[in-house]
Amino acid sequence: MAAPIIRIDNIVKRYGPLTVLDGLSMEVLPGEKLALIGPSGSGKTTILRILMTLETISGGHIEVDGDQLYHMPKNGGLVPADDRHLHTMREKIGMVFQHFNLFPHKCVLDNVTLAPMLTKGVAKATAEKRAMELLDMVGLADKARNMPAQLSGGQKQRVAIARALALSPKIMLFDEVTSALDPELVEEVLNVMRKLASETDMTMLLVTHEMGFAHDFADRILFFDRGKIVEEGKPDEIFRNPRQERTQTFLRKIIAAGHRV
Ligand SMILES: Nc1ncnc2c1ncn2[C@@H]1O[C@H](COP(=O)(O)OP(=O)(O)OP(=O)(O)O)[C@@H](O)[C@H]1O
Ligand SMILES: [Mg+2]
């Protein structure tokens, strides 16, 4: 079996007196599609933001693609990572958020080319060629010169996915990317993610309340509660036969709220 591309080892995350992640450990294999589910406030967004180096950690270690994320080697030991190390590591990971965060004053094409040109020094022509391929992949090549305000929510979210992919990350993180969308726009975004899953070998971690999608998409489901992984397993095991009472209660509530499982 391949070595894990992500190793999360005993991560603690505190905000002041509040412990949000309480000794969280998990591993993700290269190419694995993982869905993180669980109640509001259980720490799902926090762990994705930590992987994206948007947070600090209060304890523990994370290894991504063979290197420490928040630490770096020095004199035979590990010291906290400096900005340069974090910057290098960040290029391995892309993230798409619930709210699209596109640059409002830049056209779709510029939104996708900006990061490769600024952070990787990619030439404009090269960045634009790649951006057009990605926009084509998400079905928006014809919108390249539009401004974000001229797009629907689903289209904006597809641009956000193309933008994250432009840096060629090995790992993609998706945090409730369809939650802010009108129901009729959800499917077009899920379709892009299905396509990514089937056409690339990218490692994908997804936080979602779309249990039907999680079931079809994920190789493995992790159920979070109060900063811990309470239960994990294959989608059929978790959705059809949850062992833990907390998982059962959560799924009952989700189904009662009208979500398909
Ligand atoms: N910047 C912050 N300062 C203080 N507390 C925070 C901060 N960010 C998150 N928290 C707290 O951390 C806990 C976990 O939050 P997180 O956003 O990870 O939950 P979640 O599982 O993503 O929930 P949801 O399903 O509602 O998105 C919550 O109790 C939240 O209030
Ligand atoms: Mg969240």
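Select ligand 1 and G41 together, and look for the place where a polar backbone atom of G41 lies 2.8 Å from an oxygen atom of the ligand; bear in mind throughout that this is a predicted model.

Keep ligand 1 on display and add T45, which brings a polar side-chain atom to 2.8 Å from an oxygen atom of the ligand. Add T46 next, where a polar side-chain atom is found 2.5 Å from an oxygen atom of ligand 1.

With these contacts in view, show the surface: ligand 1 on its own has 640 Å² of accessible area, and the protein covers 59% of that area. Then colour the elements β2 (18-28) and α1 (44-51), since these are the ones that give two or more residues to the shell around the ligand. The largest share of that shell comes from α1, which supplies three residues.

Now widen the selection to the 13 residues around ligand 1, among which S40, G41, K44, T45 and T46 come nearest. If you colour this shell by class, you will find seven polar residues, four nonpolar residues and two charged ones.

Leave the ligand and turn to the helices. Two packed helices are described by the angle between their axes together with the distance between those axes.

Select residues 108-120, which form helix α3, and residues 124-137, which form helix α4; the two pack at an angle of about 125°, and their axes are 9 Å apart. The two helices are therefore oblique to each other, and the crossing in which α3 passes α4 is right-handed.

For the last stop, select helix α5 (residues 153-165) and helix α6 (residues 183-199), whose axes lie 8 Å apart and whose packing angle is about 20°. Because angles under 35 degrees count as roughly parallel, α5 and α6 are described as roughly parallel to each other. Rotate the view until one helix lies in front of the other, and follow how α5 passes α6 in a right-handed crossing.

Technical notes. Residues numbered from 1 in each chain as written. Chains lettered and ligands numbered in written order. Predicted model: local features only at pLDDT ≥ 70, side-chain atom pairs only at ≥ 80, totals over all residues. Heavy atoms only, no water. Near = heavy atom within 4 Å. Polar contact = N/O pair within 3.5 Å; in protein donor to acceptor, adjacent residues only side chain to side chain. Areas by Shrake-Rupley, 256 points an atom, 1.4 Å probe, with all protein chains shown as cover. Helix = DSSP H or I, 4+ residues; strand = E, 2+ residues; numbered from the N terminus. Nonpolar A, V, L, I, M, F, W, Y, C, P; charged D, E, K, R; others polar. Axes fitted to C-alpha atoms, helices over the stretch in contact; angles between N-to-C directions. Parallel < 35°, antiparallel > 145°, perpendicular 65-115°, else oblique. Left-handed = near helix turned anticlockwise from the far one by under 90°.
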